[in-house]
Amino acid sequence: MVVARGVPDSAAVLVPHAPVGVSAARHRLAGDLDERGIAGDVADDAVLILSELLSNALRHARALPSGNVRAAWWVRPDGLLAIEVTDGGSSTRPRQASPSLSAHGGRGLSIIGTLAADWGVRGTPDEVTVWALIPIESRAADRLWDEFDLDAVDPLD
């Protein structure tokens, strides 16, 4: 894995257009999120989304001219974690599928659609980026609310 750039709130890595790159990128993202204090469900979801995006790029798209695929992530000012994977494109655009129960694949973008606040595709025929946004703060707030015991609260008179 080659580090393309790194600043406190963002990172981009070039990974080989091969399965070995997925694991390295997942570990790097998990470490970066941990250093920023982002853990638990948000980190787990982010690592899974990155893994799905990279796996899709390896299976369905060409490498960038460098022979790699680019993965990037950063925390946006609005509290969303942005994750994107850029590849060399393919003959079709990524789209969510509806696989049969017995299908061995085709669920990646559905998983991303469930975990992310939003996701999409942008690019040209020679370079395609698939991105996903994950809320950081609201997930933490939701977990706190779920753990809040309403029976332990004294009613206001």
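Arg28 and Asp32 lie four residues apart in helix H1 (residues 20-35), so about one helical turn separates them. The two form a salt bridge, with 3.3 Å between the closest N and O atoms. Asp32 has a relative accessibility of 12%, and because buried means under 20%, Asp32 counts as buried. The model that shows this pair is a predicted one.

The salt bridge in H1 is one of four that the structure holds. Side chains of opposite charge can pair when their charged atoms come close. A further salt bridge joins Glu127 to Arg70, and here the closest N and O atoms are 3.5 Å apart. This pair links distant parts of the chain, since Glu127 belongs to strand S6 and Arg70 to strand S3 (residues 68-75), with their positions 57 residues apart in sequence. Both partners are partly exposed: Glu127 has a relative accessibility of 34%, and Arg70 has a relative accessible area of 28%.

Glu84 and Arg122 also meet through their side chains in a salt bridge, at 2.9 Å from N to O. This pair too links distant parts of the chain, with Glu84 in strand S4 and Arg122 in strand S5, 38 residues apart. Glu84 counts as buried at 11% relative accessibility, whereas Arg122 is partly exposed at 39%.

The wider fold gives these pairs their setting. The chain has four helices and six strands, and along the sequence they follow the pattern β-β-α-α-β-β-α-β-β-α. Of its 157 residues, 38% count as buried. Among contacts between residues at least 6 apart in sequence, 63% join residues at least 24 apart. The accessible surface of the chain comes to about 9,100 Å², and carbon and sulfur atoms account for 54% of that surface.

Strand S6 (residues 127-135) pairs with both S4 and S5. Strand S4 (residues 80-87) is joined to S6 by eight bridges, and the two strands run antiparallel. Within this pairing, Glu84 has Trp131 of S6 as its bridge partner. Glu84 therefore takes part in a strand pairing through Trp131 and in a salt bridge through Arg122, while counting as buried. On S5 (residues 118-124), seven bridges lead to S6, again in an antiparallel arrangement. Gly123 stands opposite Val128 of S6. S5 and S6 form a hairpin, with two residues between the strands. Eight of the nine residues of S6 are buried, so this strand is largely enclosed by the rest of the structure.

Another antiparallel pairing involves S2 and S3, which are joined by seven bridges. Val13 has Ala71 as its bridge partner in S3. S2 is mostly covered, with five of its seven residues buried.

Nonpolar side chains tend to be buried together in soluble globular proteins. In this model, the largest nonpolar core has 32 residues, and those with the most contacts inside it are Leu29, Ile49, Leu50, Leu54, Trp73, Ile83 and Val85. Strand S2 (10-16), H1, helix H2 (40-60), S3, S4, helix H3 (108-115) and S6 each supply at least two residues of this core. H2 gives the most, with 10 residues.

Val85 shows how several parts of the chain come together at one core residue. Apart from neighbours within four places in sequence, the contacts of Val85 include Leu50, Leu53, Leu54 and Ala57. Val69, Arg70 and Ala71 are also among the residues that Val85 contacts, as are Val128, Thr129 and Val130. Arg70 appears here as a contact of Val85 and, as described above, as the salt-bridge partner of Glu127.

Helix H3 contains Ile111, which is partly exposed, with a relative accessible area of 31%. Leaving out residues up to four places away in sequence, Ile111 touches Leu48 and Glu52. Ile111 and Glu52 are 59 residues apart in sequence, while their C-alpha atoms are 8.3 Å apart in space.

Terms used:
Residues numbered from 1 in each chain as written. Predicted model: local features only at pLDDT ≥ 70, side-chain atom pairs only at ≥ 80, totals over all residues. Heavy atoms only, no water. Buried < 20%, exposed > 50% of the residue type's maximum accessible area, 1.4 Å probe, protein only. Pairing = 2+ DSSP bridges. Contact = heavy atoms within 4.5 Å. Areas by Shrake-Rupley, 256 points an atom, 1.4 Å probe, with all protein chains shown as cover. Core = buried A, V, L, I, M, F, W, Y, C linked by side-chain atoms within 4.5 Å.
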